[in-house]
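Thanks for making the time this morning. I would like to walk through one model with you, beginning with its charged pairs and then turning to its sheets.

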Number of protein chains: 2
Amino acid sequence: MGPTPADLKAWLADHGGRGSVRRYHGLDYARLADDWERLPRGSVCFPSGRVVPGYPRIGRMLALRAGLAAHFDAPVWVEEKLDGYNVRILREQGRTLALTRGGFVCPFTTHRLADLMPAAVFDDHPELVLCAEVAGPESPYQIGPVPGVAQDVALFVFDVMGANGAYWDAPDKNALCQAYALPRAPCFGRFRLDQLAELEAVIRRLDAEGREGVVCKQDGAPERRAKYATAAASLQHIRTSAAQLLELPAQFFVERILRLVLFEEERGRALAGRSGALGHALLDGLAEAVAQFRREGRVALRYRCRVNDPSVADELLAHLEKTSGHEVRIRHHALERVGDQWRLTFDRIPAHINGLLRQLLGPQLVYD
Amino acid sequence: MGPTPADLKAWLADHGGRGSVRRYHGLDYARLADDWERLPRGSVCFPSGRVVPGYPRIGRMLALRAGLAAHFDAPVWVEEKLDGYNVRILREQGRTLALTRGGFVCPFTTHRLADLMPAAVFDDHPELVLCAEVAGPESPYQIGPVPGVAQDVALFVFDVMGANGAYWDAPDKNALCQAYALPRAPCFGRFRLDQLAELEAVIRRLDAEGREGVVCKQDGAPERRAKYATAAASLQHIRTSAAQLLELPAQFFVERILRLVLFEEERGRALAGRSGALGHALLDGLAEAVAQFRREGRVALRYRCRVNDPSVADELLAHLEKTSGHEVRIRHHALERVGDQWRLTFDRIPAHINGLLRQLLGPQLVYD
């Protein structure tokens, strides 16, 4: 006998108490809002008693050469780090679900799963958890282009977790993805720690293509892992977040500028080559915010995503309203039929930049 | 009979209570740390009973054309806004003192006053308060170059306040400055509100020369005033504050980028012309912080100033330690003889960027 819904409250209380018990289409679950002992934030417990650990944070290397030497002692598998949102996909009570990083069942991803990957793997291996990035220009969690995904979103499996909670090593993971036609995050292969030139070529290509970076996982010890991002990723984050400069901590921007400095420095390149792009990212982002404020009366970050059923749009908006901080409002914008699907457009309205622009663009003098 | 030092405490308590009673070389005074009714923050009361109002904040126009039309209804005198620190200079108990914006007697400026301006004006007009900007590349409150001040600091009088607390109109102020050889903030003359082309030429020249901007004061009503800054000023602030990005509110940077956007927009110029400069300002500032962290083990904002007597260096450092926020530490660096003077070098150590760089440049992975 697994726990009943009442047991989920007890489980939550026994695991630090920070989190919530929620229901998705009749399926109850509890989620942890904070790390608790060895369970990361976003861990979920189902009435069956099954516990799905949260996806752990991956440490970042700021220097590739020094980072590899410091953190690995065997060859590494190098996979592309996609810039999207992280989901854990699993089968529970006969249903295939997608959990967000925070441990919520994502109504959008769950609803769109059949479009994004074949689920047959769970018929044979119902105990597995697939960890994947969902990325694309039409995502409810992300704005801005994603290289290689021209429209909608795509899903990229990058980890397979067994029933014991351990991650599979790359060869087994690749075999599973191949056997079940699972879309796989690109893998650039296995690199010895002295193959820096080869790895460097991968990094430079990703940077030139505007891609996010890589995750290195040690051969035979896939829990030993570290990520490394391109300068292009830092610039792209700054560009798409310019209108949220006041919502995000200053550290968000400073870290990305510092990453850019360190990236160019390690490659012996002059910073001047990036200064125009950095200035553009900030100026264009804020000039567009000003233009939108004048045009529409407010700054709104406009998200688009596709759904197969209009009722999912409501579910998604309700989910986003519940999970967004109180300083960002969600506002439905449009729902249009596009072929067999519906395109939902909604806005996230950042409070601070709107307050500042009301003050700066108004007729009164500004006392700063 | 004026108040005694005990009366200063009573005065402070009667004026909101926020502030302090202090002593400068045997002279007691009380200062207000907040606005209180019609007295601005930084207002000071002396034992004589004399109250010197704080210097009021000047409202900023974000658009020149709309701002002039909205805030003035007669011609304006247009003066250069220097980028330095604001002092009020006065004679009290036979001594000529300089008060900072916050209402402290500034030991540096007071000590250097004889080098910066002739004080004879107070022999004839002991009731006057001169409001001035002190600016230069060797300032205890400021780093970075100041156009037109090649070394040390210079003083620029921009307002004269009579015993009644009212500001003098430009012609009287100019006459006083001329009669007593007082160094004057440059005045570009009197502009009718329809002389926008002439005023625009002034603004463009200031911007091209990297100067801060202007303050407009209405002819015959000098308390009606508004400031307008160049794009160059915004860029310069960002450049010199890059290492303090984490200490300052994000709004500091966002506002300056927005000012830059609005400045170029009003002039019909493409933002692309400024993007390289903005990117440089941020990248160079943070790259220099990284280089200094590696070289010296920490990021320190290095200030220089000249004193005529080594004891003033100690007084100044004690003053800065008392008046700096607790997140910035002051650290003496060097005191060297230079001709008849001494050059004091000291550091302000911003805590957050040092914490972040220790984390980012260290050997461990970064969990962000």
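Does Arg259(B) count as buried or exposed, and at what relative accessibility? Before I answer, please keep in mind that what you see here is a predicted model. Arg259(B) counts as buried, at a relative accessibility of 9%, which falls below the 20% under which a residue is called buried. Its side chain meets that of Asp368(A) in a salt bridge, with 3.2 Å from N to O. This pair crosses between chains, since Arg259(B) belongs to helix 8 of chain B, residues 250-266, while Asp368(A) sits in the segment after helix 11 (351-361) of chain A. The partner on the chain A side has another setting, for Asp368(A) is partly exposed, with a relative accessible area of 39%.

That bridge belongs to a longer list, as a search of the whole structure finds 72 salt bridges over all chains. Let me take one within chain A, where the side chains of Asp159(A) and Lys217(A) meet at 3.2 Å, again N to O. Asp159(A) lies in strand 9 (residues 154-161) and Lys217(A) in strand 11 (residues 213-218), so this salt bridge ties together parts of chain A that are 58 residues apart in sequence. Both partners are buried, Asp159(A) with a relative accessible area of 0% and Lys217(A) with 3%.

In chain B, a further salt bridge brings together the side chains of Arg18(B) and Asp34(B), at 2.8 Å from N to O. The two are 16 residues apart and link distant parts of the chain, with Arg18(B) in the loop between helix 1 (5-14) and strand 1 (19-24), and Asp34(B) in the loop between strand 2 (27-32) and strand 3 (44-45). Asp34(B), at 32% relative accessibility, counts as partly exposed. Returning to chain A, salt bridges with shared partners join Asp159(A) and Lys217(A) into one network together with Glu79(A), Lys173(A), Arg184(A) and Arg225(A).

Now to the sheets. Strands 13, 15 and 14 of chain A form an open, antiparallel sheet in that order, and its edge strands, strand 13 (301-307) and strand 14 (328-338), each pair on one side only. On average, and ignoring direction, neighbouring strands of this sheet are turned by 20 degrees against each other. Strand 14 and strand 15 of chain A run antiparallel and are joined by 10 bridges, and Arg331(A) stands opposite Asp347(A) in strand 15. Helix 3 of chain A, residues 107-116, lies across strand 13 and strand 15, running at about 45 degrees to strand 13.

What surrounds a residue of strand 15, such as Leu344(A)? Leu344(A) is buried, with a relative accessible area of 0%, and its contacts beyond four places in sequence include Tyr303(A), Cys305(A), Leu316(A), His332(A) and Ala334(A). Of these, Leu316(A) is 28 residues away from Leu344(A) in sequence and 9.8 Å away in space, C-alpha to C-alpha.

There is also a four-stranded open sheet in chain A, antiparallel and in the order 1-2-3-4. Strand 1 (19-24) and strand 4 (51-52) stand at its edges with a single partner strand each, so that one side of each is left without a neighbour in the sheet. Strand 3 (residues 44-45) pairs with strand 4 in the antiparallel sense over two bridges, and here Cys45(A) stands opposite Val51(A).

Conventions:
Residues numbered from 1 in each chain as written. Chains lettered and ligands numbered in written order. Predicted model: local features only at pLDDT ≥ 70, side-chain atom pairs only at ≥ 80, totals over all residues. Heavy atoms only, no water. Salt bridge = Lys/Arg side-chain N within 4 Å of Asp/Glu carboxyl O. Buried < 20%, exposed > 50% of the residue type's maximum accessible area, 1.4 Å probe, protein only. Contact = heavy atoms within 4.5 Å. Pairing = 2+ DSSP bridges. Axes fitted to C-alpha atoms, helices over the stretch in contact; angles between N-to-C directions.
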